[in-house]
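Me: I have a new model open on my screen and would like to walk through it with you. Could we take it a piece at a time?

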Amino acid sequence: MERSSSTQVKDVDNISKLPNDVLLLILSRLSTEEAIRTSVVSKRWEHVWKQLSHLVLDIPRIINSTELRDSLNRVDILITKVINNHRGHLESCVINHFPYHGVTGILNTWIQSVTCVKHTKVLTLTNDFLCRNPTNKIFDIPTNSFSHPSLMSLSLSSYILRSSHTLINCSNLKTLKLVLITAPEVGVFNRVLTSCPSLEVLVLDIVCVDSKSGVPLKIENNTLKVLHVQAMHYIDGIQVSATSLDILIIEDASFGRDGFFLRSPKLQFDRNFWAPGRFVPHMSYNISKEENSIVHEEYMNNIPRPFFRSVAIMAASMSVSVDLRNQTQVERLRQVLRLWTRKMMGLEIIFKDYNDATTTEENSESWHKKFWKDNINKDAFPSARFRVKTVWMNNFNGSEEEFAFASCLIRQGTVVDKMMIKTSSLPARKKLEIEAAVVKLEALQTEDERELTIHCF
């Protein structure tokens, strides 16, 4: 029996009636290839993808997932068409290409299009050496390719820099990430860094062919806030002079303690990266009270993944400077420590002076007393799983907040072996007060739990 026309379900496309902003939000959840395919759904969808603010052009993935795997030239034409058909500016663009794209010059064409025409702010380029038709030729990216004023962030992966000319005149860059980058000698990297005076974030995973130059890597930049050294191979040392530096991470280095020099007033820590007999990955973090902090954003969004790959291989340590009376800093400390997935070798904590500008009316006495006296007993800090072998506490003055913080680390079993509290720089009377506080901390352990030792040094 046929349904009457009144009972038939109507084919209504309500999604296409949505405004462009909503449709773009939907497309942003798809891969670039999937977003482009929606152009055939209807006339309404034909041009929506062209307004996307983020493009990921992954050529190896496109070839492996389509019928174009036997026609690299058709893929190149397709990528060019996508870039040219895109409308407006790009917030970010990722291009994963094969080596031959650099040799033929088409890569340079794409770079010019996304920087000079699309005004891309964040550009990521990866040279995929696993190409089915690899080339042994080393290609050069032309001078000034990355000097457009709209380009703020540049990430290069798996390239050989024969000279520094590719990255000269890059005062526009705020972020530079050089991953798996090889140069003939360390002077190439030194000249590159000199050409980027406005950097706030610098990530390095670099190799030098000439391992006997005796020249250290030199980083002199007073705008730099984050320095992340993933690896430095065949480089004799590093000299860092950065007055604004808030985060310094060194995961792997071919140089020893004598090859390391740091001048950074915000990172005044006593611990060093070299434990007796070996180097261990280390992070130093001066937590800022700023509400919008590029430093903390970079840490939470980008640093943990590569850094914790090293942590998974060997124990790592951390130094952190924090004001326990500042709500923003305390929450950031919690977020930072929560990301550690295995036992930390050492945690050095420098308590900031409460008399400075870091304590505001917003972070009043009522807030921090409530947090450290009440909430800390209900919610493990930073988490129930976090463990650290040794905690070092500097500038400990025995305040209610500091005592409550140390107490919760003991009661929760967060500190496994030792808690070390620095008193050697204190006057005699204050030293006695701190030592009395240490006795109270020791009393928090039951007779069956006295595996943790608490010392003054």
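Me: How many helices and strands does the chain have?
Reply: Happy to help, and please keep in mind that this is a predicted model. Counting along the chain gives 13 helices. The strands come to 19.

Me: What share of the chain's residues count as buried?
Reply: Buried here means under 20% relative accessible area. The chain has 457 residues, and the share of them that counts as buried is 49%.

Me: And what part of the accessible surface belongs to carbon and sulfur atoms?
Reply: The accessible surface of the chain totals about 22600 Å². Carbon and sulfur atoms account for 51%.

Me: Among contacts between residues at least 6 apart in sequence, what percentage join residues at least 24 apart?
Reply: Here we leave aside pairs that are less than 6 apart in sequence. Of the contacts in the chain that remain, those joining residues at least 24 apart make up 68%.

Me: Let's turn to the pockets. Which helix gives the largest share of the lining of the largest pocket?
Reply: This pocket holds about 500 Å³ of space and 16 residues line it. Strand 3 (122–127), strand 4 (153–160), strand 5 (175–183) and helix 8 (294–301) each supply at least two of the lining residues. The largest share is four residues, and it comes from helix 8.

Me: Which residues lie nearest the centre of that largest pocket?
Reply: By class, the lining has four nonpolar, six polar and six charged residues. Nearest the centre of the pocket are Val122, Ser153, Thr175, Glu298 and Asn302.

Me: What is the volume of the largest cavity?
Reply: A search of the whole structure finds one cavity of 30 Å³ or more. Residues lining the largest cavity include Phe139, Asp140, Leu156 and Arg162. The lining divides into six nonpolar, two polar and two charged residues. The volume of this cavity is about 70 Å³.

Me: Now for one helix in detail. How far does helix 6 reach from its first C-alpha to its last?
Reply: Helix 6 covers residues 106–117, which is 12 residues. At 1.5 Å a residue, the expected span is 16 Å. The model comes close to that, with a reach of 16 Å.

Me: Which residue with a positive phi follows helix 6?
Reply: Within helix 6, the buried residues include Ile106, Leu107, Trp110 and Ile111. After the helix comes a residue whose phi is positive, near 55°. That residue is histidine 119.

Definitions and conventions: Residues are numbered from 1 along each chain as its sequence is written. This is a predicted model: local features need pLDDT of at least 70, side-chain atom pairs count only at pLDDT 80 or more; totals for chains, interfaces and linings use all residues. Side-chain values use heavy atoms; hydrogens and water are left out. The expected span of a helix is 1.5 Å times one less than its number of residues. Buried means under 20% relative accessible area, exposed over 50%, partly exposed in between (1.4 Å probe, protein chains only). On a 1 Å grid over the protein atoms alone, a cavity is a set of points where a 1.4 Å probe fits but cannot get out, and a pocket is an open set with protein on both sides within 12 Å along at least five of seven lines; lining residues have an atom within 4 Å of a point. Grid points are joined across faces, edges and corners, and a volume is the space filled by probe spheres set on the points. Ala, Val, Leu, Ile, Met, Phe, Trp, Tyr, Cys and Pro count as nonpolar, Asp, Glu, Lys and Arg as charged, and the others, Gly among them, as polar. Contact means heavy atoms within 4.5 Å. Accessible areas come from the Shrake-Rupley method with a 1.4 Å probe; for residues, only the protein chains shown count as cover.
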